[in-house]
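Biologist: I would like to learn how to read the features of a model. Shall we take them one at a time?

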Amino acid sequence: MSLSATQSHIGAIASTTSGQYLTLRLGDEDYAIDILRVQEIRSYEEPTRMVNAPAYVKGVVNLRGVIVPIIDLRMKLQLDKVAYNEFTVVIILNVRGTVIGVVVDSVSDVVTLSTDQISPAPQFDTTLDARFITGLSNVGDRMLIIMNMEALMGSAEMGMLSSVSG
């Protein structure tokens with residue numbers, strides 16, 4: 001399933017006061033990521049394992065000639081492990097020009113949030129570093145945790161993106 005048509009439509013209607021976010025599920029929590037980072041959504045397929053890779057790096061896949069590292073977002077965020085099922089998907093992201101796949105439990109929908117709908121995240125001493133959270137937003141009866149994928153994928157332990165902002 002590809003989001004390229006949706007993404008170009010979204011890019012055309014996005015304004016500086018609002019943004020569109022892909023909502024996804026990890027365990028019992030709902031998260032959101034900037035739709036402009038999403039290239040496509042694919043069903044999960046077992047990647048080729050890489051030696052000496054951290055446990056959260058499931059391996060790599062060949063995506064139309066591009067070798068894409070696959071990160072299990074649950075493991076990266078130190079959440080409980082879950083068995084992969086028919087809802088498990090890989091979101092292919094373009095973060096600072098690097099293509100990365102992240103495994104999530106499921107994707108839900110695309111929501112539009114204005115800046116006044118996003119509250120700053122409270123600062124707690126948790127396993128999810130506050131740098132990785134842009135904010136929180138209530139959408140209906142759901143609380144969305146809005147993730148900063150550039151910070152998460154560019155973190156020192158990931159070593160996947162250069163530390164130079166781009």
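Biologist: Which residues does T88 touch, not counting residues up to four places away in sequence?

Modeller: This is a predicted model, so keep that in mind throughout. T88 touches S43, Y44, V103, V104 and D105, with residues up to four places away in sequence left out. T88 itself sits in the loop between α2 (73-76) and β6.

Biologist: Is T88 buried or exposed?

Modeller: Buried means under 20% relative accessible area. T88 has 4% relative accessibility, so it counts as buried.

Biologist: Now the strand after that loop. How many of the seven residues of β6 are buried?

Modeller: Six of the seven are buried, so β6 is largely enclosed by the rest of the structure.

Biologist: How should I read its pairing?

Modeller: Start with the general idea. Strands of a sheet pair through backbone hydrogen bonds, in parallel or antiparallel fashion. Here, β6 pairs with strand β3 (residues 38-43) in the antiparallel sense, over five bridges. V38 stands opposite L93 in β6. β6 also pairs with strand β7 (residues 98-104), again in the antiparallel sense, over seven bridges. There, V89 stands opposite V104 in β7.

Biologist: How many residues lie between β6 and β7 in their hairpin?

Modeller: Two residues lie between them. One detail of the turn to check is R96, which has a positive phi of about 50°.

Biologist: How do I judge a positive phi?

Modeller: Most residues other than glycine have a negative phi. So a positive one deserves a look. N52 has a phi near 60°, and R64 has a phi near 50°.

Biologist: Where are N52 and R64 found?

Modeller: N52 is in the loop between β3 and β4 (57-63). R64 is in the loop between β4 and β5 (66-72).

Biologist: Why do N52 and R64 count as exposed?

Modeller: Exposed means over 50% relative accessible area. N52 has a relative accessible area of 81%, so it is exposed. R64 counts as exposed because its relative accessibility is 62%.

Biologist: Let us turn to the interior. Which residues touch the most other members of the largest nonpolar core?

Modeller: I33, L73, I91, V102 and M153 do, in a core of 30 residues. Strand β6 (residues 89-95) supplies the largest share of this core, four residues.

Biologist: Take V102. Which residues does V102 touch, not counting residues up to four places away in sequence?

Modeller: V102 touches I71, L73, V89, V90, I91, L93, M149 and M153. Apart from the largest core lies another, of nine residues, including L63, V68, I92 and V99.

Biologist: Now a whole sheet. What is the strand order in the open sheet of five strands?

Modeller: The order is β8-β1-β2-β10-β9, and the pairing is mixed. The edge strands are β8 (106-114) and β9 (133-139), each of which pairs on one side only. On average, neighbouring strands of this sheet are turned by 30° against each other, direction ignored.

Biologist: How many bridges join β1 to β2?

Modeller: Six bridges join strand β1 (residues 18-26) to strand β2 (residues 29-34), and the two run antiparallel. For one residue pair, look at L22: its bridge partner in β2 is I33. I33 also appeared among the residues that touch the most other members of the largest nonpolar core.

Note on methods:
Residues numbered from 1 in each chain as written. Predicted model: local features only at pLDDT ≥ 70, side-chain atom pairs only at ≥ 80, totals over all residues. Heavy atoms only, no water. Core = buried A, V, L, I, M, F, W, Y, C linked by side-chain atoms within 4.5 Å. Buried < 20%, exposed > 50% of the residue type's maximum accessible area, 1.4 Å probe, protein only. Contact = heavy atoms within 4.5 Å. Pairing = 2+ DSSP bridges. Axes fitted to C-alpha atoms, helices over the stretch in contact; angles between N-to-C directions.
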